[in-house]
Amino acid sequence: MSATILDGNKIAAEIRSEVAAEVKVLTAAGLRPGLAVILAGDNPASEIYVRGKVKSCEETGIYSEKHAPPATVSTQELLDLINSLNRREEIDGILVQLPLPEHVDAKKVLLAVSPAKDVDGFHPMNVGYLSTQRPGLVPCTPAGVVEILKRSHIPIAGQDAVIVGRSDIVGKPVAMLLINANATVTVCHSKTRDLAGVCRRADILVAAIGRPGMITRDFVKPGATVIDVGINKVTDPAEFQRFFAGNAKREESFRAKGSTLVGDVHPQVAEVAGAVTPVPGGVGPLTIAMLMANTVRAAKLRRGHTVQELLRA
Ligand code: NDP
């Protein structure tokens with residue numbers, strides 16, 4: 001038996017086109033949603049992520065602007081920038097790309113983003129809204145995990161869900177979303193005893209660990225759905241062979257690029273699972289799609305009835 005591959009690119013495209021339709025209605029009424037992205041310093045990976053986010057805004061019709069202060073920017077200067085964005089009516093979402101330069105007080109900066117414009121969903125106010133099931137903004141990657149399950153018609157209510165990883169940005173919000181969707185949730189971490197045994201009880205297994213291929217087939221109940229959040233770069237040929245030996249397409253691309261991406265789930269898991277997300281092309285594409293959806297959601301929540309009525313019409 002071979003698992004169904006849950007195509008994150010396809011689901012993300014669906015979400016982007018739904019967002020684009022809503023943005024069109026709002027723009028026609030003079031209420032175009034807007035996202036401001038702050039990229040401080042010159043981290044090459046962050047530049048690539050920000051470029052992707054700006055491009056996705058262009059595709060969906062969301063207004064975007066990029067603020068790129070130099071690496072020497074002070075905490076106070078960033079706070080001033082955020083305060084001015086908080087006050088601007090046409091800006092619905094503010095995204096502070098992490099990591100910030102080392103001398104900056106990142107916690108203080110993130111806390112300054114108005115919860116109503118916190119499209120990353122990391123503000124303690126939004127964390128509280130999520131845990132008490134009030135309308136708020138939900139972190140993008142965890143929201144993407146749940147969208148994959150729902151849009152793939154994988155039942156959640158009453159199912160045993162096991163999440164490996166308890167970070168504030170992935171593991172914990174995924175757990176909260178699945179509890180809210182009536183799953184029975186177990187959260188595992190580095191101190192969990194008999195991790196493989198606990199994972200084998202899962203109908204839905206979510207891996208958010210940051211360890212290449214750690215979830216092997218002995219962690220997976222036959223037929224389970226396995227969602228792989230991990231993104232790990234592999235450059236060592238021996239390690240590459242451990243994951244992808246015999247995969248001609250991957251071998252060709254590894255030879256050409258000198259690296260490949262692997263998730264936290266070993267590719268062999270597809271031989272026992274009922275459904276799996278691939279890496280790349282699984283959860284990854286959902287993160288930016290959900291950022292677009294969150295920007296429109298922020299507009300709906302903050303600008304209130306006008307926007308909600310326009311979208312219902
Ligand atoms: P963190 O490092 O913050 O958290 C990792 C979690 O995994 C921790 O809770 C840790 O446990 C747990 N863990 C580590 N080793 C083990 C182990 N041997 N056994 C059991 N649990 C273990 O990572 P993030 O949550 O930020 O990210 C997780 C992965 O998801 C990464 O690969 C990251 O790149 C990827 N990611 C992907 C995104 C996407 O868009 N697809 C977005 C964000 C992240 P403990 O708490 O005990 O230390």
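Helices (H or I, at least four residues) and strands (E, at least two) in these views are DSSP runs, numbered from the N terminus. Everything shown is from a predicted model.

**View 1. The ligand and its shell.** The ligand has 22 residues around it, with R166, S167, S190, R211 and T287 coming nearest. Sort that shell by class and you get ten nonpolar, ten polar and two charged residues.

**View 2. Polar contacts to the ligand.** Two ligand oxygen contacts are worth zooming in on: a polar side-chain atom of R166 sits 2.7 Å from an oxygen atom, and a side-chain N or O atom of S190 is 2.5 Å from one. For R211, the partner of its polar side-chain atom is a ligand nitrogen, at 2.8 Å. On its own the ligand has 930 Å² of accessible area, and the protein covers 70% of that.

**View 3. The largest pocket, between two domains.** Domain 1 (30-115) and domain 2 (140-285) both contribute lining residues, so this pocket lies between them. It holds about 1,400 Å³ of space. Of its 46 lining residues, Y49, T141, I231, G284 and T287 lie nearest the centre. α2 is the top contributor to the lining, with nine residues. The class split is 25 nonpolar, 14 polar and seven charged.

**View 4. The second largest pocket.** About 620 Å³ of space lies here, and V138, A143, E147, M290 and R297 are nearest the centre among 27 lining residues. At least two residues each come from α1, α5 (124-131), α6, α7 (171-180) and α11, with α11 giving the largest share, six. By class, the lining has 14 nonpolar, five polar and eight charged residues.

Terms used
Residues numbered from 1 in each chain as written. Predicted model: local features only at pLDDT ≥ 70, side-chain atom pairs only at ≥ 80, totals over all residues. Heavy atoms only, no water. Near = heavy atom within 4 Å. Polar contact = N/O pair within 3.5 Å; in protein donor to acceptor, adjacent residues only side chain to side chain. Areas by Shrake-Rupley, 256 points an atom, 1.4 Å probe, with all protein chains shown as cover. Nonpolar A, V, L, I, M, F, W, Y, C, P; charged D, E, K, R; others polar. 1 Å grid on protein atoms, 1.4 Å probe; cavity = no way out; pocket = protein on both sides within 12 Å on 5 of 7 lines; lining within 4 Å. Points joined across faces, edges and corners; volume = space filled by probe spheres on them. Domains from an automatic or database assignment.
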